[in-house]
Amino acid sequence: MSNRFDQFRTFLKATTGVALENDQWQAAEQRLAPLAGRLGLSVDDLIDRFLRHSDPKLSAAVIDAMMTNETFFFRDRKPFELFRDVILPRLLERKRDDRRLRIWSAACATGQEPYSLAMVLDEEARRFEGWTIEIVASDISASALESARGGLYNQFEVQRGLPVALLLRHFQRDLEKWRIAQHLRAQVQFQQVNLIDDFTRLGAFDVIFCRNVLMYFDQATRRSVLNRLARTLMPEGILMLGATEFTPGDCAFAPLPESPALLRRRKPKPEAPAGHLAIA
Ligand SMILES: C[S@@+](CC[C@H](N)C(=O)[O-])C[C@H]1O[C@@H](n2cnc3c(N)ncnc32)[C@H](O)[C@@H]1O
């Protein structure tokens, strides 16, 4: 393992939270090769250049190249069933006076996750008549967000997970591709957000989908992101993780009985009365 790899992964972890293992150097080189090619550089020269010079544009392009934007419509299906059958009925009941819902897809990649949520909400629209529903979708990757905002998907992408009936209802043909309908596109606000930075400016949410991103972080970063997500959730709010992601036992969330990936905030421990010494 080279010193250059060590410097590179220190940079990547510090800027994105993504932790590369010792054996991932070759994989990193393969990801950087197309960018290096476009700039007329070898991968070594590319890394040298951006490690030596502080060039925000180059750093952003390197970060973009290193992200795994893999996603598809209704990924794993179950989370969207839980959204429809468990989360929405709870919120319908608990927020019936306020009639406002805020939902955040916190690592949305190319947009399939927030658009899938928008399609579920569209199906449930009659139950939410008169409600204000906001979907915020964010990612660190500028190129993924650009695709997400465009809402244009190729045949392969719409064949992964999207039922034909929903394709025909919510997409229009656009030459060889499919474009998401404007009413769904308009429901999602896309923003660039790095989860390792402060994200309190986004405000509080009733539901956060943060799926298949924490698995790229080490334990300490995961815990820090989870604790800050907890503070961004409304008291009755719900967090949905990816199918293989679990929270460390001592974090701010506890699983709901319906699924280990479905979490609510733990109730804060009562504070010791003044003058008493709390013994952990
Ligand atoms: C595998 S995709 C998951 C997409 C979607 N949530 C899903 O489950 O299908 C992981 C996404 O996390 C994003 N990501 C990685 N590190 C991030 C960070 N520090 N802040 C925000 N997004 C990040 C990547 O750009 C990528 O789009």
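Colleague: In the hairpin of strand 4 and strand 5, which residue takes a positive phi?

Modeller: Leu175, with a phi near 50 degrees. Two residues lie between the strands of this hairpin. The model is predicted.

Colleague: What makes strand 4 and strand 5 a pair?

Modeller: Pairing needs at least two bridges between the strands. Strand 4 (residues 171–174) and strand 5 (residues 177–180) have four, in the antiparallel sense. Therefore they count as paired. One of the partners: Phe171 bridges to Ile180 in strand 5.

Colleague: Why is the protein called as compact as a globular protein of its length?

Modeller: Its radius of gyration is 21 Å. The globule rule gives 19 Å for 280 residues. The two values are close, so the description holds. The C-alpha atoms fill a box of roughly 65 × 60 × 30 Å along the principal axes. The protein has 11 helices and 10 strands.

Colleague: Which residues come nearest to the ligand?

Modeller: Met67, Thr71, Ala107, Ala109 and Asn212, out of 25 around the ligand. To count, a residue's C-beta atom must lie within 6 Å. By class, the shell holds 11 nonpolar, nine polar and five charged residues.

Colleague: Which domains does the shell around the ligand draw on?

Modeller: Domain 1 (3–66) and domain 2 (78–265), with at least three residues from each.

Colleague: How many of the residues score at least 70 in pLDDT?

Modeller: 95% of them, and the protein averages 92. Over residues 275–280, however, the pLDDT is below 50. Beyond near neighbours in sequence, that stretch has one contact in the model.

Key. Residues are numbered from 1 along each chain as its sequence is written. This is a predicted model: local features need pLDDT of at least 70, side-chain atom pairs count only at pLDDT 80 or more; totals for chains, interfaces and linings use all residues. Ala, Val, Leu, Ile, Met, Phe, Trp, Tyr, Cys and Pro count as nonpolar, Asp, Glu, Lys and Arg as charged, and the others, Gly among them, as polar. Domain bounds come from an automatic or database domain assignment. pLDDT is the predictor's confidence in each residue, from 0 to 100. Two residues are in contact if their C-beta atoms, placed from the backbone, lie within 7 Å. The radius of gyration is taken over C-alpha atoms; the globule rule is 2.2 Å times the number of residues to the power 0.38.
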